[in-house]
Amino acid sequence: MYKRFKKIICVGIAAFIWTLTCITAWAGVDMDATFPVYSNSWQYWPAGPDIEGDTAVVMELETGAILYDKGMNAQRYPASITKIMTAMLILENCDLNEQFIMTETGITDVYSGSSNSLSKIGEVFSIEQCLPMIMIKSANDISTQVAEYIFGSVQKFTDRMNSRSIELGCQNTHFCNASGLENKDHYTSAHDMALIMREALKYDKFREIISMNNVTIPATNMSGKRYYETHMQMIVPENRYYYQGCLGGKTGYTDISKSTLVTCAQRDGITLIGVVMGGIDSNLVCEDMQAILNYAFQNFMKTDASYGYETISGGVVIIPRNVRLESLKMQVKEIEEGMLINYKLLNQVVGSAVMTDQTYAVFQKKRSIHTDSEQNDFDNDRDLVFTVS
């Protein structure tokens, strides 16, 4: 309870900060805009597929490196992939055994055409029950009700959604509700959704739920058992869109947003997050996702870039298979923990590492690394280079 009280106190401050820093970005979403595959113009980068979906991104989980970019920063309506943020905030602020009661707040979302659990006023659910209802059934009524339960109102919950987005580095996101129902000021981008998904995947319970093909919710005080099957075709072995290594994800659809999809897949020690927004339909958005994940798995490799030196965190990079580790440029910045090294292939960050000051000093000396003033044309000189900032 103390943790929740502390969070509620912070909500007002966070909302104020959000207003000051982000209100200028609240522009209308141009759903007619089209975008090229920007990553196809990156030097040394393998060419990726031009999918049907409006925008898309592939991010490598461990490094955060962007491997594929089709308009990834363009604002789009997310529909129910919004619920990834909702589920993450639930896990950050609640114990699984907590219970909440359905009120008129959540029941307003129980109507024909809305994905809901047919809940009733006075019905009692646990947090553990609500998570699969939100992520598998995509229940709008449960999303809205638990938002009110956690912070006292849906508005305060969405304020926290927005401040949490800022904390994660999102720059093109503004949430107005916990469910993803249509609102002209409720938008995000493929890149921002990848950042949110990356954070949510830190929770084992989240990973467990998105991997479920189906779930049975026990009887409540007012209803019998509920049985739900996943909308995530890519994790169902019998489905034509099943994808080997897919860990799960979240689908979304409204008439305005069209089909949206966020997923995560793992092969050969590489874990990828894929986002497609503005897909033609639920089938074609799966084909788009398969195409960009296949592209990334086939064309990139992960390798150690610490050269055996101990790191506080990081130390690996993900690079195109035809690029040598020695082709990377390194930018170094002093931070509280020590020295932050960003590994870059020209302008693209492909990994990072944090070393203690002492380790970095030895690393710098042993690797005979130069400063920018000593660097020749990077395209011709493939020596490792530090840019000190």
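The largest pocket has 23 residues along its lining, and S80, S115, G252, Y253 and T254 sit nearest its centre. Keep in mind that this is a predicted model. Below is a quick look at that pocket, then the runner-up, then helix α5.

**Largest pocket**
- The space inside comes to about 420 Å³.
- Three elements, β7 (246–254), β8 (258–267) and α9 (282–299), each put at least two residues into the lining.
- β7 is the top contributor, giving five residues to this lining.
- Sorted by class, the lining has 16 polar residues, five nonpolar ones and two charged ones.

**Second largest pocket**
- Here the space is about 290 Å³.
- The lining is made of 14 residues, and T63, G64, A65, R198 and V349 are the closest to the centre.
- α7 (190–200) and β14 (348–355) each chip in at least two lining residues.
- Nonpolar and polar residues number six each in this lining, and two more residues are charged.

**Helix α5**
- This helix covers residues 140–151, twelve in total, and runs 17 Å from first C-alpha to last, close to the expected 16 Å.
- Most of α5 is covered up, with ten of the twelve residues buried.
- The buried set starts with N140, D141, I142, S143, T144, Q145, V146 and A147, and is completed by I150 and F151.
- In general, residues three or four places apart on an α-helix point the same way, because there are 3.6 residues a turn.
- Right after α5 comes G152, with a positive phi of about 95°.

Key: Residues are numbered from 1 along each chain as its sequence is written. This is a predicted model: local features need pLDDT of at least 70, side-chain atom pairs count only at pLDDT 80 or more; totals for chains, interfaces and linings use all residues. Side-chain values use heavy atoms; hydrogens and water are left out. Helices (H or I, at least four residues) and strands (E, at least two) are DSSP runs, numbered from the N terminus. The expected span of a helix is 1.5 Å times one less than its number of residues. Buried means under 20% relative accessible area, exposed over 50%, partly exposed in between (1.4 Å probe, protein chains only). On a 1 Å grid over the protein atoms alone, a cavity is a set of points where a 1.4 Å probe fits but cannot get out, and a pocket is an open set with protein on both sides within 12 Å along at least five of seven lines; lining residues have an atom within 4 Å of a point. Grid points are joined across faces, edges and corners, and a volume is the space filled by probe spheres set on the points. Ala, Val, Leu, Ile, Met, Phe, Trp, Tyr, Cys and Pro count as nonpolar, Asp, Glu, Lys and Arg as charged, and the others, Gly among them, as polar.
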